[in-house]
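Me: Could you take one helix of this model and look at it closely, with its ends and its surroundings? Please keep the steps short, since I am new to this.

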Amino acid sequence: MTALPEPAVLVLEDGTRHVGRAYGALGTTLGEVVFATGMSGYQETLTDPSYAGQIVLQTAPHIGNTGMNDEDTESRRIWVAGYIVRDPSRVVSNWRANASLDEVLVQDAIVGISGIDTRSVTRHIRAAGSMRGGIFSGDAAKTDADEQLRIVREAPQMAGRNLSAEVSVETAEVTPAVGDKVGNLAVLDLGVKQATIDNLAARGFEVHVLPQDVTIGGIRAIDPVAVFYSNGPGDPAASGDHVELLRAVLDDGLPFFGICFGNQLLGRALGLGTYKLPFGHRGINQPVLDKSTGKVEITAHNHGFAVDAPLEGAFDSPHGYGKVEVSHVGLNDNVVEGLRALDIPAFSVQYHPEAAAGPHDANYLFDRFRDLVIASKKDAQ
């Protein structure tokens, strides 16, 4: 007879408790509890560095049926602080799988919980906002409830946290260009995904993934034709060094493209503010309006902060970079989803155009970036 899973409990900082079963490694984990709405792509979600410091709840009820494989991983490890699912699959049913999700969670020491009403938790977060939480499983589940709550409330808030050093590479990594080479591209690794690197290389860029603490001298040393800021975790207001580095990039006249965290940092470099969203956008079905074409794109998101900017009309960059406009708007809540500088070669979007996992509506943005770089090279001749 198979032994029953160990007990587990999810504790939120407002005192809410959900009792379930252990899933993955046993022990205690703390983080910001957020929900992701994707019906598929849990492997890409788990290995997305943007989820560092967060306990991720899957709104899809049945997770794990396709197992884990060596091809869909987006980085070198699982990054979520913890994992919440309702009904984990007992059987792996995919020809590419070489391990079960549960096995990999244990291997990477990810503490999770299953068997709770994830719909109830999601509705609670939507009403009250994302908050700190903790998963206590095995012996830790037997800890006094008041003590568990105290531990949760002493965990760090996501606001004000800089997590870039935890997820970035320590030394530069280079991926050769595919086909005709456009030039060297400096990618600041704030939590970059492998699919992003692959898409950039496929556009003819020799992709130099650089550590998050690289200097402007280090960027200039590779003789880049452009600079790219990746997605990543943390509060953009706590990344002042990355903002100053980006201002040096813009001052050099290098074309720039940023996604997700990179969008927020471009906003701050231009002189705009950022703020924390109540519960963020996390999923692969977010509708976004491209204001230049009038098209609505279904996009993949993972962010808890946003840029504060006027949605209509061009405005002056407070830091002197000319005219700027909001290029994309989220249709669920009118959040800024993209910026375009009109007087310098720089733009960004708040979502993940590499679509891993997710829709392919926004993949054209990599082509737009390539075209911008080629045009800038011709203007410089």
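Reply: Start with the residue just after helix α9. This is G271, and its phi is positive, at about 110 degrees. Keep in mind that the model is a predicted one.

Now step back into the helix. Helix α9 covers residues 261-270. Is it enclosed or open? Nine of its 10 residues are buried, so α9 is largely enclosed by the rest of the structure. The buried ones are F261, G262, N263, Q264, L265, L266, G267, A269 and L270. The list mixes leucines with residues such as N263 and Q264.

Next, look at the other end. C260 sits in the loop between β14 (256-259) and α9. C260 also has a positive phi, about 55 degrees, although this residue is not a glycine. Most residues other than glycine have a negative phi, so such a value is worth a second look. Is C260 buried or exposed? Its relative accessible area is 1%, and the limit for buried is under 20%, so C260 is buried.

Compare another residue with a positive phi. D223 has a phi near 55 degrees and is not a glycine either. It belongs to the loop between α7 and β13. Here the surroundings are open: the relative accessibility of D223 is 59%, over the 50% limit, so D223 counts as exposed. C260, by contrast, is buried.

What does α9 pack against? One way in is L246. Setting aside neighbours within four places in sequence, L246 is in contact with Y229, F256, L265, L266 and A269. Three of these partners, L265, L266 and A269, are among the buried residues of α9. L246 is also one of the residues that touch the most other members of the largest nonpolar core, a group of 35 residues. The others named with it are I219, V227, Y229, L250 and F256. Several elements give two or more residues to this core: β11 (183-188), α7 (216-221), β13 (224-229), α8 (240-251), α9, β18 (323-330) and β19 (336-341). In soluble globular proteins, nonpolar side chains tend to be buried together. A second, separate core has 25 residues, including V207, A226, V288 and Y351.

Take α7 for a moment, as it also feeds the largest core. I216 is found in this helix. Beyond its sequence neighbours up to four places away, I216 touches L245, A248, V249 and D252.

Now turn to empty space. The whole structure has four cavities of 30 Å³ or more. The second largest of them has a volume of about 130 Å³. Which elements give two or more residues to its lining? They are α9, β15 (273-290) and β16 (295-308). So the helix that shares in the largest core also helps to line this cavity. In total 15 residues line this space, and Q54, G234, H303, G304 and F305 lie nearest its centre. β16 gives the most, with four residues.

F305 has a further partner. K276 lies over the face of its ring, at 5.8 Å from the ring centre. A similar arrangement occurs with R77, which lies over the face of W79 at 4.1 Å from the ring centre.

How far is this cavity region from α7? H303, one of the residues nearest the cavity centre, can serve as a marker. I216 and H303 are 87 residues apart in sequence and 27 Å apart in space, C-alpha to C-alpha.

Strand β15 shares in the lining too. G283 is placed in that strand. At 6% relative accessibility, G283 counts as buried. Leaving out residues up to four places away in sequence, G283 touches T37, G38, T299, A300 and H301.

One last neighbourhood. T196 is placed in helix α6 (residues 194-202). It is buried, with a relative accessible area of 0%. Among its contacts beyond four places in sequence are F228, I259, E354 and F366. F228 and F366 both belong to one aromatic cluster, together with F205, F257, F347 and F369. The structure holds eight aromatic pairs.

To sum up α9: most of the helix is buried, residues on either side of it, C260 and G271, have a positive phi, and the helix gives residues both to the largest core and to a cavity lining.

How values were computed. Residues are numbered from 1 along each chain as its sequence is written. This is a predicted model: local features need pLDDT of at least 70, side-chain atom pairs count only at pLDDT 80 or more; totals for chains, interfaces and linings use all residues. Side-chain values use heavy atoms; hydrogens and water are left out. Buried means under 20% relative accessible area, exposed over 50%, partly exposed in between (1.4 Å probe, protein chains only). Contact means heavy atoms within 4.5 Å. Rings of Phe, Tyr and Trp (its six-membered ring) pair if their centres lie within 6.5 Å; planes under 30 degrees apart count as stacked, over 60 as edge-to-face and the rest as tilted. A charge sits over a ring if NZ of Lys or CZ of Arg is within 6 Å of the ring centre and within 35 degrees of the ring normal. A nonpolar core is a set of buried Ala, Val, Leu, Ile, Met, Phe, Trp, Tyr and Cys residues joined through side-chain atoms within 4.5 Å. On a 1 Å grid over the protein atoms alone, a cavity is a set of points where a 1.4 Å probe fits but cannot get out, and a pocket is an open set with protein on both sides within 12 Å along at least five of seven lines; lining residues have an atom within 4 Å of a point. Grid points are joined across faces, edges and corners, and a volume is the space filled by probe spheres set on the points.
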